[in-house]
Amino acid sequence: MILPNALLLATLMSLVWFLKGDLLGYRRIKRLPDTASRQRTYRLWIAKAAIAFVLPAIIGLALLGRLDAIVTVPPEFDALRKLLPSLAGDSRAEMLAMIGGSALGGLIIGAILATRRNWRILKTIGNVGSLLPRNRPEIMHAAAMSIAAGISEELAFRLFLPLLIALVTGNAFVAFGVAIAVFGAMHLYQGRAGVIATTLVGALMAAIYLMTGELWLAMLMHALVDLNSLVLRPMLTGAWRAA
């Protein structure tokens, strides 16, 4: 039990370090007028996500002898999974079709609204205006950051952190409740609305992971959500035309 407790403490310290940097980074990007500095900030966020989320998860799972949890849902989560509908076989295929259809539908609707100059109704939830890319190079960086966030944050907040808490407390309900709350708190820079929205998104991703048993599917959906906000919408409002 000493190892899970130590890993949990180290993980929480890593998350606090990332959150402080996140808040400072967002305040910094608000003041950055030149695109080169903004692109460096995007790259810094990607690197810090790898350090704060991916490395602790991989190293921690290896120390616990639980690297298999990346592809197999830990049995510590079974009590919670039993209360949720299981999506396997045809149900899983239907969910994948729904994700693809939703993504395509969003692109079509967004394109229609953009051509009618009604793009202002496509506002993002939360205080993320300064984060949105303003030209093609920034869009490419934002796309990379969205994909990195989908992978790193799901690994950290849907698997590693809940597993550590479950090992320490013996309670999967507490584990996911705390992990979802921490995930929302990590988006403090977005303001109250952003924290509420990301907490709800975190709960949805947790449900998808637990119901399907596929961490990669939660990663995919997370990346699509971020790509919609940070890439698709800026592109539809003209950012792609700016060099």
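Helix H5 (residues 136–169) has 34 residues, which at 1.5 Å a residue should span 50 Å; its end C-alpha atoms are 47 Å apart, so the two values agree. The expected span of a helix is taken here as 1.5 Å times one less than its number of residues, and helices (H or I, at least four residues) and strands (E, at least two) are DSSP runs, numbered from the N terminus. The structure is a predicted model, in which local features need pLDDT of at least 70 and side-chain atom pairs count only at pLDDT 80 or more, while totals for chains, interfaces and linings use all residues. Residues are numbered from 1 along each chain as its sequence is written, and side-chain values use heavy atoms, with hydrogens and water left out.

H5 is not straight throughout: a bend of about 30° falls at Ala156, the bend at a residue being the angle between axes fitted to the seven residues ending there and the seven starting there. Most of H5 is covered, with 24 of its 34 residues buried; buried means under 20% relative accessible area, exposed over 50%, and partly exposed in between (1.4 Å probe, protein chains only). At the N-terminal end of H5, Asn135 acts as a cap, with a side-chain oxygen 3.0 Å from the backbone nitrogen of Glu138. Such a polar contact is a pair of N or O atoms within 3.5 Å; within protein, one must be able to donate a hydrogen and the other to accept it, and residues adjacent in sequence count only if both atoms are side-chain atoms. After H5 comes Gly170, with a positive phi near 75°.

Two residues show how H5 meets the start of the chain. Val168, in helix H5, is partly exposed, with a relative accessible area of 26%. The C-alpha atoms of Val168 and Pro4 are separated by 6.4 Å, although the two residues are 164 residues apart along the chain. Leaving aside residues up to four places away in sequence, Val168 touches Met1, Pro4, Asn5 and Leu8, where contact means heavy atoms within 4.5 Å. Thr11 belongs to helix H1 (residues 2–31) and is buried, with a relative accessible area of 7%. With the same exclusion of residues up to four places away, Thr11 touches Phe160, Leu161 and Leu164. A polar atom of the Thr11 side chain also lies 2.7 Å from the backbone oxygen of Leu7. In general, an α-helix has 3.6 residues a turn, so residues three or four places apart point the same way.

What does a search of the whole structure find in the way of aromatic pairs? There are six, counting rings of Phe, Tyr and Trp (its six-membered ring) whose centres lie within 6.5 Å, with planes under 30 degrees apart stacked, over 60 edge-to-face and the rest tilted. The rings of Phe77 and Tyr209 have centres 6.4 Å apart and planes at 80°, so this pair is edge-to-face. Phe77 lies in the loop between helix H2 (35–64) and helix H3 (78–81), and Tyr209 in helix H7 (residues 191–212), so the pair ties together parts that are 132 residues apart in sequence. Both Phe77 and Tyr209 are buried. Elsewhere, ring pairs link Phe18, Phe53, Phe157 and Phe183 into a cluster. The ring of Phe183 also has the charged end of Arg158 over it, 4.4 Å from its centre, and Lys48 lies over the face of Trp17, at 4.7 Å from the ring centre. A charge sits over a ring if NZ of Lys or CZ of Arg is within 6 Å of the ring centre and within 35 degrees of the ring normal.

Turning to the later helices, H7 has 22 residues and reaches 31 Å from its first C-alpha to its last, close to the 32 Å expected. The buried residues of H7 include Gly194, Ala197, Gly202 and Tyr209, and Gly213, just after H7, takes a positive phi of about 75°. H8 (residues 215–236) holds Pro234, which is buried, with a relative accessible area of 4%. Pro234 and Arg134 are 100 residues apart in sequence and 7.2 Å apart in space, C-alpha to C-alpha. A kink of about 40° in H8 is centred on Asn228.

Overall, the protein has eight helices and zero strands. Of its 243 residues, 44% count as buried.
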